[in-house]
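Me: Please take a close look at the aromatic rings in this one, then work outward from there. Spell out the cut-offs as you go.

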Amino acid sequence: MTEWVDRVDEHDRVIGVVERGEAVRNGWPHRIAVTVCHRADGRYLVHRRPAHATRFPGLHNWLIGGAVAAGESYEAAAARELAEELGVRAHPAPLFTFFCDGAISPYWLALHETRTDGPLRPDPGELAETRWCTAAEIDALITAGAFVPDGAEAWERARGVWLRRGT
């Protein structure tokens with residue numbers, strides 16, 4: 001299936017529409033939207049990628065999401081990916097966007113957050129396992145090298161944002 005994305009510049013302005021694989025192969029920036037899920041008790045949802053995944057098989061991540069389709073907003077993509085990968089219907093709140101050099105290719109990453117205490121229906125093709133973790137448990141996974149590199153970078157950035165706003 002062809003996945004069309006907006007190719008963007010260093011200021012996140014659209015400069016064309018390309019196939020995502022082409023963007024990755026050529027190192028062209030595009031857009032990714034992700035959501036961080038947390039519960040009332042302060043734990044974060046962490047998932048392990050399937051062993052058959054082409055990118056980062058078996059590693060952990062705390063970000064649920066993927067590519068923003070051509071013409072789609074970050075917010076719409078975050079909500080769509082959350083529904084597709086976790087079966088959660090929500091309107092994730094934007095947290096921040098940053099340019100990520102990326103372990104695979106460069107992209108603009110829009111991080112959203114949502115609270116979800118209800119049931120999850122993880123897509124086994126996308127998420128091999130899910131669990132709720134404390135910040136210390138996420139730190140330990142990162143330190144052990146068991147975490148997707150871009151997820152680790154987003155974790156550090158998000159902690160700074162939450163610290164500044166007092167949450």
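Reply: Accessibility labels first: a residue is buried under 20% relative accessible area, exposed over 50% and partly exposed in between, using a 1.4 Å probe and protein chains only. This is a predicted model, where local features need pLDDT of at least 70 and side-chain atom pairs count only at pLDDT 80 or more, while totals for chains, interfaces and linings use all residues. Numbering starts from 1 along each chain as its sequence is written, and side-chain values use heavy atoms, leaving out hydrogens and water.

On to the rings. Searching the whole structure turns up eight aromatic pairs (centres of Phe, Tyr or Trp rings within 6.5 Å, using the six-membered ring of Trp; planes under 30 degrees apart are stacked, over 60 edge-to-face, the rest tilted). One of them is Tyr 44 with Trp 162: the ring centres are 5.5 Å apart and the planes meet at 20 degrees, so this pair is stacked. Tyr 44 belongs to strand β4 (residues 44-48) and Trp 162 to helix α4 (residues 149-165), so the pair ties together parts that sit 118 residues apart in sequence. Those element names follow DSSP runs numbered from the N terminus, with helices being H or I of at least four residues and strands E of at least two. As for cover, Tyr 44 is buried at a relative accessible area of 14%, and Trp 162 is buried too, at 6%.

Helix α4 turns up again in another pair. Trp 62 and Trp 155 have ring centres 4.9 Å apart with planes at 90 degrees, so they count as edge-to-face. This pair also links distant parts of the chain: Trp 62 is in the loop between β5 (60-61) and β6 (64-67), while Trp 155 is in helix α4, 93 residues away in sequence. Both tryptophans are buried. Put the two pairs side by side and you get the overall picture: Tyr 44, Trp 62, Trp 155 and Trp 162 make up one aromatic cluster.

There's a ring with a charge over it as well. The charged end of Arg 7 sits over Trp 28, 4.0 Å from the ring centre (the rule asks for NZ of Lys or CZ of Arg within 6 Å of the centre and within 35 degrees of the ring normal).

Working outward, the next stop is strand β8, which spans residues 107-115 and is mostly covered, with eight of its nine residues buried. Strand β3 (residues 30-38) runs parallel to β8 and is joined to it by nine bridges (strands pair when DSSP finds at least two bridges between them). Along that pairing, Ile 32 stands opposite Leu 109 of β8. Val 34 is another β3 residue, and it is buried with a relative accessible area of 5%. If you want a long-range distance from there, the C-alpha atoms of Val 34 and Asp 117 are 18 Å apart, with their positions 83 residues apart in sequence.

Strand β7 (residues 93-100) pairs with β8 too, but antiparallel, through seven bridges. Two facing residue pairs are worth clicking on: Pro 94 stands opposite His 112 in β8, and the aromatic Phe 99 stands opposite Trp 108. β7 and β8 make a hairpin with six residues between them, and Gly 102 in that turn has a positive phi of about 70 degrees. Past β8, Leu 120 is in the loop leading to β9 (129-133). Leu 120 is partly exposed at 22% relative accessible area, and its C-alpha atom is 9.2 Å from that of Thr 130, which is 10 residues away along the chain.

Since phi came up: most residues other than glycine have a negative phi. Which residues go the other way? Phe 56 is one of them, not a glycine yet with a positive phi of about 55 degrees, and you'll find Phe 56 in the loop between β4 and β5. Asp 12 also has a positive phi, near 65 degrees. Asp 12 is in the loop between β1 (4-8) and β2 (14-19), and at 16% relative accessibility it is buried.
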